[in-house]
Amino acid sequence: MATFNFELGELPPEAEKVRGEIREFLDRTLGGQSATKRALSWGGFDRDFSRKLGEAGFIGMTWPKKYGGHERSALERYVVLEETLAAGAPTSAHWVADRQSGPLLLRFGTEEQRQRFLPRITKGELAFAIGMSEPDSGSDLASIRTRAERVEGGYRVNGTKIWTSNAHISDYAIALFRTKVVPDKKHEGLSQFLVDLKSEGIGIRPIIDLAGGRHFNEVHFQNVFVPDDMLVGKDGDGWKQVTTELALERSGPERYLSSVRLIIELIREVGTEPGERAAVVIGRLAAHMATLRQMSLSVAGMLQAGQNPNLEAAVVKDVGTSFEQEIPEVVHALLGIEPRLASGSEFERVFGYLVEHAPSFSLRGGTREVLRGIIARGLGLR
Amino acid sequence: MSDTRTLLADTCARLFTDQVTPALIESAEKGAWPGALWQMLEENGLTLPQIPESHGGAGGAWGDAHVVLAACGRFAVPLPVAETMIGAWLLSESGLDVPLGPLTVAPVRPADRLSLTKAGAGWVLDGVAGRVPWGAAAGHVVVAADSDDGPMIALVARGSAKVEPDVNLALEPRDTLGWSDARVLTAALVGSGLPAHALSSAGALARSAQMAGGLEFLLSQSVKYVTERVQFGRPLASFQAIQHQLALLAGHTAAAGIAAQKGFAAMDAGDAGFEIACAKIRTGEAAGLGAGIAHQCHGAIGFTYEHSLHFVTRRLWSWRAEFGAEAHWAAALGREVTARGADALWPYLTSR
């Protein structure tokens, strides 16, 4: 049996120094922000905030200076991530680019692509969307059908992407297309592209979520021309590259902190001298949260050490999303209050928001079932 | 893990694989004292890993104790290893000599109180302590007791108490010891280096490591079983329903493992109140869920006495309740967290 390796990760002094800096920045920038706004967590999209964060040097922190980065350690970046999440900062306008699109370009992109995109990402000026899922390809990502056919000077793209968060307000997407159909080998013939979302032939249709929110889209490609210099990495290497990207998408602290605002507001609600039952509930949540933080830090330590903690990241995401998903249920069981949308107290609205959004936590970035399949493979069961 | 701890883990695994057989555990369940195994543990320096050499220990840290205790949990070692480590720690930190041989500690239940009274040049002990692990079998009992001078640590010899034998679910001895005017061997005020509630905190920490180790056993044993067992013409491991259950068990095992590890690291850093509470809460919850999954994956054979799965699951069901169950620690932690206030939660968590 392959074993999971969770060693305690320790944050070096420079990372704790960054904690002071980012806290000061967040206090200054978000002071007075309501709990309901903070509850949006990394779902909040605010270009102005992202630009300020970029100006302060908190985007692209680990990237080389020549691309606008700051050559800080992965652990310093980790502290910034967990602090922005804990504060409920609206990070969505730079989150994807900072977490996966930028690192993907650093790893597989051309020098020209790096110089063109990375500095603007670090300034918080470029928002990226992720073009992976399709109407018939969700968890079974390798079955995608959107075609990118070779034409003079580039590719012509036809097909549809779906669940493309923020495509309507982003600048670019990194999308996975099929450049070659290899019979019976669905993992072959896939390639990744940088797509300018303003390109001719792209139609973006909103998909309203169950809470009435608009972040999802269906993105149609009709004879969209993508020039050669927008191919990322090698033609045909898309699957290998995308799994690297997914590992980045799954390994961060956002996979256990999505409901942190509800825990904080629950503590405010029960007061400083709660009854026995509330104390037990809150103590248990604190223990789970502290433990998940240690697991998440452990993965961050492995990333910093240049290891490839794909399995451990899948474990943290599975345990973490179950935890963040459970919190509204725990609050319901403890207090039995009604979740509210617009009326009601700030606490009731934070509760309402998380009740409605919790189902997405174990869907986005790889479903619970996909992750458990990855873990089972790690255990040698498949 | 450091090289010396890897070596320590290897030593434990080798020794326990050879010695802690189902036959040995079964005979311990019938009341036999596995003296030869104890001897080997002592000879290998596994009983006092974190005690200074000046007090007869191996001179290591709580991180070393963690390695040994996790292995004890994984192999269901039927000996008071945790209790000996804790008893020796209470003694040495209070400036008292550590006797040779197995120790136990009392009281282990929050409601039980013992008292020491000055009698001539020494002290006498009174009171009743229930559920004392190996209360009758251990050579000495290290007690935490109140006195007119303040809280004290004292050492009493086997035979000083009236014993009512009992056992836990795993048939490990959990005896009631009653002392009446019993002369103690040595006594001292609780050492200033000891944290508040040192005995129960260290007990909870030790059980956390044992449970985390037990969960590791459940995971590897379950993976092994479903890989070998064939039904409907294919190994159980090929069924997605089984795969996902074991993935869930892996998650609980990993969480329990790091929660316990963090508790021991904090103990070595000198302030572990928060981390011990987290460890006991998280490992205790994982123990119940993990035992359920392991049994489900093993089917009927795992429910038999002949199969050895229960040596660990019965321990997990008892250990999670010992030295304070999850609810006990969660109430204390919840009161602490709420007293600090909502906006202090995150800063507090990140300061630990």
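Let's start inside chain B, with Ala154(B). Leaving aside residues up to four places away in sequence, Ala154(B) touches Leu116(B), Trp123(B), Leu125(B), Val143(B), Ala145(B), Val184(B), Thr186(B) and Ala187(B). Bear in mind as you look around that this is a predicted model.

Ala154(B) belongs to the largest nonpolar core, a set of 235 residues, and along with Leu125(B) and Leu246(B) it touches the most other members. Chain A has a part in this core too: helix 9 of chain A, residues 276–304, gives the most to it, with 17 residues. As background, nonpolar side chains in soluble globular proteins tend to be buried together.

Now for the sheet in chain B. Four strands make an open sheet here, in the order 2-3-7-6, and the pairing is antiparallel. Strand 2 (114–119) and strand 6 (162–164) of chain B sit at the edges with a single partner strand each, so one side of each has no neighbour in the sheet. From one strand to the next, the twist averages 15°.

In the middle of that order, strand 3 (residues 122–133) and strand 7 (residues 174–183) of chain B pair in the antiparallel sense over seven bridges. You can follow the register by eye: Val132(B) has Asp175(B) of strand 7 as its bridge partner, and Gly127(B) stands opposite Trp179(B). Strand 6 of chain B also runs antiparallel to strand 7 of chain B, and three bridges join the two. There, Val163(B) stands opposite Leu177(B).

Stay on strand 7 of chain B for a moment, as Asp181(B) lies in it. What is the phi of Asp181(B), which is not a glycine? It is positive, about 55°. Asp181(B) has 9 C-beta neighbours inside 10 Å, and with 12 or fewer being the cut-off for exposed, that is how it counts.

His197(B) is another residue other than glycine with a positive phi, in this case near 50°. You'll find His197(B) in the loop between strand 8 (186–189) and helix 6 of chain B. With 16 C-beta neighbours inside 10 Å, His197(B) counts as partly exposed.

One more backbone feature in chain B is worth a look. The peptide bond joining Ala106(B) and Pro107(B) is cis, with omega about -5°. Pro107(B) lies in the loop between strand 1 (103–106) and strand 2 of chain B, and strand 2 is one of the edge strands of the open sheet.

Next, let's cross over to chain A by way of the interface. Here 43 residues of chain B are in contact with 46 residues of chain A. On the chain B side, helix 6 (198–228), helix 7 (240–269), helix 8 (273–298), helix 10 (326–340) and helix 11 (345–351) each supply at least two residues. Helix 7 of chain B has the largest share of that side, 14 residues. Sorted by class, the side of chain B that touches chain A has 27 nonpolar, 11 polar and five charged residues.

Within chain A, try strand 4, residues 172–178. Is this strand mostly covered or mostly open? It is mostly covered, since seven of its seven residues are buried, meaning that 20 or more other C-beta atoms lie within 10 Å of each one's own. Tyr172(A), Ile174(A), Leu176(A) and Arg178(A) point one way from the strand, while Ala173(A), Ala175(A) and Phe177(A) point the other way, and all are buried.

Strand 4 of chain A has partners of both senses. It pairs with strand 1 (residues 128–131) of chain A in the parallel sense over four bridges, and Gly131(A) has Ala175(A) as its bridge partner. With strand 5 (residues 190–196) of chain A, strand 4 pairs in the antiparallel sense over seven bridges. In that pair, Leu176(A) stands opposite Gln192(A).

Finally, look at helix 4 of chain A, residues 74–87. At 1.5 Å a residue, its 14 residues should span 20 Å, and that agrees with its end C-alpha atoms, which are 20 Å apart. Of these 14 residues, 13 are buried, so helix 4 of chain A is largely enclosed by the rest of the structure. After this helix comes Gly88(A), with a positive phi near 70°.

Key: Residues are numbered from 1 along each chain as its sequence is written. Chains are lettered from A and ligands numbered from 1 in the order in which they are written. This is a predicted model: local features need pLDDT of at least 70, side-chain atom pairs count only at pLDDT 80 or more; totals for chains, interfaces and linings use all residues. Two strands pair if DSSP finds at least two bridges between them. Axes are lines fitted to C-alpha atoms, for helices over the stretch in contact, and angles run from 0 to 180 degrees between N-to-C directions. A nonpolar core is a set of buried Ala, Val, Leu, Ile, Met, Phe, Trp, Tyr and Cys residues joined through C-beta atoms within 7 Å. Two residues are in contact if their C-beta atoms, placed from the backbone, lie within 7 Å. Ala, Val, Leu, Ile, Met, Phe, Trp, Tyr, Cys and Pro count as nonpolar, Asp, Glu, Lys and Arg as charged, and the others, Gly among them, as polar. The expected span of a helix is 1.5 Å times one less than its number of residues.
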